[in-house]
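User: I'm new to this one. Could you take a close look at its largest nonpolar core and tell me what sits there?

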Amino acid sequence: MNARDDFVTERRPAWERLNALLTGVSLRKLSGSELSELCEGYRQACNDLERARSVGCTADVVEYLEDLSGRAYQAIYRPKPAKLRAAGRILFLEFPFALRSNLRFFLAAAVVMVGPAVAGLAATWLDPTFASRVLPPGLLDLLANSYVQGFDEPRAATEDAAMAGFYVRNNTSIAFRCFATGIFAGIGSVFFLAYNGLVIGTTVGYVARVGALHNLLAFMSGHGPLELTAVIIAGAAGIKMGSVIIDSGGRSPFHQLREQSAEITRLVLGAAFLLLLAALVEGFWSASDAKIETKLTASFVGSLALLGFLLLGGRNLRGAPWT
Amino acid sequence: MRRLLAYAVDLAVRAALLALVALSLTGGRAAMGDGLEGTQMGALLASAFALEWGYFVACETAMQGQSIGKRCFGLRVVHTDGRALTFSDSVVRNLLRAADFLPTGYALGFLVMARSQHFRRIGDWAVGTTVIVERQRRVRAPLQVHPPITPAELSRLPAGARLSGSELSAVEDFLRQAQGLPPTREIELAEIVAPLLAAKFGAHYEHAPRFLATLHAKSLQEGAS
């Protein structure tokens with residue numbers, strides 16, 4: 001035997017003990033003394049790794065110790081577990097607060113989306129052929145049919161499911177795409193916001209032309225405000241992400257982005273929360289046979305509540321509460 | 001490759017969960033498309049939404065950077081400095097799947113991964129994470145040479161003859177491999193490197209594998225003193 005092999009033979013039981021502590025039951029079930037044993041074992045494993053490197057142990061020993069100390073590090077320095085109360089705080093306090101701190105991004109996103117929407121609406125109204133240049137004719141026919149038919153006589157369940165499914169999947173994907181493509185210097189967010197604004201404006205204009213505006217309003221009034229706000233907020237988060245990448249203050253763009261990621265996460269989680277509410281409203285309420293007056297009143301009250309929440313939620317927070 | 005397989009498993013798990021929700025909603029009346037009322041459809045859509053966007057975040061938060069598919073294939077998401085994944089980073093990382101997905105089928109994500117050293121997609125770049133392979137490694141038992149090297153053999157080597165660092169590792173790997181080889185093949189392989197080492201140390205040998213084993217033993221012994 002020699003010193004190098006003696007070292008491995010002598011330390012091996014300690015490594016196996018640490019490995020057993022790490023791979024056995026969850027850390028929460030370990031007793032106090034086992035926990036201190038774990039921490040001690042971790043420090044020893046780090047020492048042993050350095051020693052193994054310097055005495056020229058073979059790759060198998062060095063790699064084994066790298067893996068072992070890496071896993072012990074992760075187990076000991078894990079982030080705080082997510083709690084339900086923290087989720088409530090994020091959604092009801094930090095999200096509106098983050099939104100108000102980033103008002104300029106929200107306004108920019110709103111302009112980028114609403115501008116093309118108004119343009120699409122006006123163009124469809126003035127030029128009957130405009131809609132067919134933006135949307136495929138098949139979709140236009142489908143839209144016209146379903147809204148002219150209205151909700152007075154309940155649609156077949158399959159049709160209902162198909163429409164609702166199409167909208168929810170489509171709209172949530174749109175919102176998250178508006179956010180995610182902001183990584184390309186914000187260009188993707190601006191593009192998708194503008195494009196979807198144009199599609200929405202054109203759709204409303206076209207349905208209004210075929211004389212089914214009241215049905216469209218009745219359907220969209222429920223989830224529309226929630227969904228559009230959510231899309232704009234997601235787009236605003238994307239634009240913010242792009243602006244951080246462009247103007248990173250002399251540091252690496254991704255480093256700067258990591259600093260901002262907690263705040264951006266608040267915005268996106270808030271948008272996701274609103275989208276989930278919108279999906280629930282859409283599934284349970286929008287296609288129901290309630291009267292249009294009822295739906296519009298509910299929409300108005302709901303929008304006021306949303307506005308109040310976004311303006312007042314978390315108004316006692318100061319600074320950057322997520323750090 | 002592992003990540004592709006892990007993704008396939010996760011996709012299957014999500015599909016199965018959704019089917020389970022659908023089944024429980026219809027109360028077993030295996031109804032695809034018809035028979036779903038408005039409220040049931042609403043609940044199904046909300047679950048589809050939650051599964052599509054929340055599955056990875058929920059898994060990675062609850063299972064320390066692993067999803068079910070990642071666990072199957074021994075993968076874990078960690079920060080590049082080794083820290084465990086946090087909740088907010090998991091959110092951004094997974095929402096940016098929408099950017100990686102562009103223009104379709106994660107094409108951009110694959111491109112970015114292929115260009116980066118540790119196969120990181122855009123979502124990984126944004127929050128500074130990387131996906132690692134966790135392998136259970138084993139420490140090999142100390143090398144035993146048969147018959148054991150005698151002190152007489154050791155003393156026949158010149159005083160300065162000593163392997164270091166990568167030479168030592170390479171010779172040790174060879175000696176471990178050689179134990180399962182036919183003797184002629186063992187000599188054939190050892191003859192590739194033995195003349196070079198003999199010339200370097202000014203040593204002579206008769207049997208190349210035995211020479212390497214003696215050199216190895218001497219180097220370890222002197223490393224100790």
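Analyst: Here is a walk through that core and one buried residue.

This is a predicted model, where local features need pLDDT of at least 70, side-chain atom pairs count only at pLDDT 80 or more, and totals for chains, interfaces and linings use all residues. Residues are numbered from 1 along each chain as its sequence is written, chains are lettered from A in the order in which they are written, and side-chain values use heavy atoms, leaving out hydrogens and water.

The largest nonpolar core has 56 residues. (Such a core is a set of buried Ala, Val, Leu, Ile, Met, Phe, Trp, Tyr and Cys residues joined through side-chain atoms within 4.5 Å; buried means under 20% relative accessible area with a 1.4 Å probe, protein chains only.) Among the members that touch the most others are A:Phe179, A:Ile183, A:Leu257 and B:Leu96. The top contributor is helix H10 of chain A, residues 213–246, with 12 residues; helices here are DSSP runs of H or I, at least four residues, numbered from the N terminus.

Now zoom in on B:Leu96. Skipping neighbours within four places in sequence, B:Leu96 is in contact (heavy atoms within 4.5 Å) with A:Phe179, A:Ala180, A:Ile183 and A:Met241, plus B:Arg121, B:Ile122, B:Gly123 and B:Ala126. There's another core apart from this one, with 23 residues, including B:Leu154 and B:Phe174.

As for the buried residue, A:Ala109 is in helix H5 of chain A, residues 103–126, and has a relative accessible area of 0%. Again skipping neighbours within four places, A:Ala109 is in contact with A:Leu193, A:Ile232, A:Gly235, A:Ala236 and A:Ile239. Its C-alpha atom is separated by 19 Å from that of A:Leu257, 148 residues apart along the chain.

Definitions and conventions. Buried < 20%, exposed > 50% of the residue type's maximum accessible area, 1.4 Å probe, protein only. Helix = DSSP H or I, 4+ residues; strand = E, 2+ residues; numbered from the N terminus.
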